[in-house]
Amino acid sequence: MEELKKCPFCGGKAIFNTVSNSSSHHGVGFDFEIECEDCGVKLPKKYRVEFSLTDSGEINPLHDDRKRAVEEWNNRP
């Protein structure tokens, strides 16, 4: 996955910020946003990543917005 570019306003470090999480018998999920750790500017939308475990214990991605979130942060106007 591509690295997050620095904040366009202050040059600070951009981070994945977990907003909420959920779990069930079938999987675990996290809602997150991309945010500047210094000035707090963030993209206006939330993203999601969800996964489960297979019968053999491997991670099974069910939904993964991380790449899209990085692309949208890095290619913002």
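This passage walks through a predicted model, starting from one tyrosine and working outwards to rings and charged pairs.

A good place to start is Y47, which sits in strand β3, a stretch covering residues 47–53. Its relative accessibility is just 1%, and with the cut-off for buried set at under 20%, Y47 therefore counts as buried. Setting aside neighbours within four places in sequence, Y47 is in contact with F30, D31, F32 and E33, and also with D65, R68, A69 and E72. With E72 there is something extra: the two side chains are joined by a polar contact of 2.5 Å. Y47 also lies 9.4 Å from T18, C-alpha to C-alpha, although 29 residues separate the two along the chain.

Strand β3 holds S52 as well. At 11% relative accessibility, S52 falls on the buried side too. Beyond neighbours up to four places off in sequence, S52 is in contact with H26 and G27, and with E58, I59, N60 and L62.

One of the residues in contact with Y47 is A69, so what is the setting of A69 in the model? A69 is part of helix α1, made up of residues 66–74. Its relative accessibility comes out at 0%, so A69 is buried. Apart from residues up to four places away in sequence, A69 touches F32, I34, L43 and Y47. A69 and E2 are 67 residues apart in sequence, yet their C-alpha atoms are 10 Å apart in space.

Then there are the rings. How many aromatic pairs turn up? The count comes to two. In one of them, F16 and F32 are tilted relative to each other, with 45° between the planes and 5.4 Å from centre to centre. This pair links distant parts of the chain, since F16 belongs to strand β1 (residues 14–23) and F32 to strand β2 (residues 28–36), 16 residues apart. F32 is buried, at 4% relative accessible area, while F16, at 35%, is partly exposed. Ring pairs also bring Y47 in, making a cluster of F16, F32 and Y47. Elsewhere, a ring meets a charge: the charged end of R76 sits over the ring of W73, 4.5 Å from its centre.

That leads on to the charged side chains. Side chains of opposite charge can pair when their charged atoms come close. Across the whole structure, eight salt bridges are found. One of them joins the side chains of E33 and K46, at 3.1 Å from N to O. The two come from distant parts of the chain, with E33 in strand β2 and K46 in the loop between β2 and β3, 13 residues apart. Is E33 buried or exposed? E33 has a relative accessible area of 4%, so it is buried, whereas K46, at 45%, counts as partly exposed.

Another salt bridge brings together the side chains of E50 and R48, 3.5 Å from N to O. Here R48 counts as buried because its relative accessible area is 19%, with the cut-off at under 20%. E50, at 28%, is partly exposed.

D65 and R68, both in contact with Y47, also form a salt bridge, and their closest N and O atoms are 3.4 Å apart. D65 is buried at 9%, and R68 is partly exposed at 36%. Through shared partners, salt bridges join D65 and R68 with K45 and E72 into one network. E72 is thus a member of that network and the partner of Y47 in the polar contact described above.

Conventions. Residues are numbered from 1 along each chain as its sequence is written. This is a predicted model: local features need pLDDT of at least 70, side-chain atom pairs count only at pLDDT 80 or more; totals for chains, interfaces and linings use all residues. Side-chain values use heavy atoms; hydrogens and water are left out. Helices (H or I, at least four residues) and strands (E, at least two) are DSSP runs, numbered from the N terminus. Buried means under 20% relative accessible area, exposed over 50%, partly exposed in between (1.4 Å probe, protein chains only). Contact means heavy atoms within 4.5 Å. A polar contact is a pair of N or O atoms within 3.5 Å; within protein, one must be able to donate a hydrogen and the other to accept it, and residues adjacent in sequence count only if both atoms are side-chain atoms. Rings of Phe, Tyr and Trp (its six-membered ring) pair if their centres lie within 6.5 Å; planes under 30 degrees apart count as stacked, over 60 as edge-to-face and the rest as tilted. A charge sits over a ring if NZ of Lys or CZ of Arg is within 6 Å of the ring centre and within 35 degrees of the ring normal. A salt bridge is a side-chain nitrogen of Lys or Arg within 4 Å of a carboxyl oxygen of Asp or Glu.
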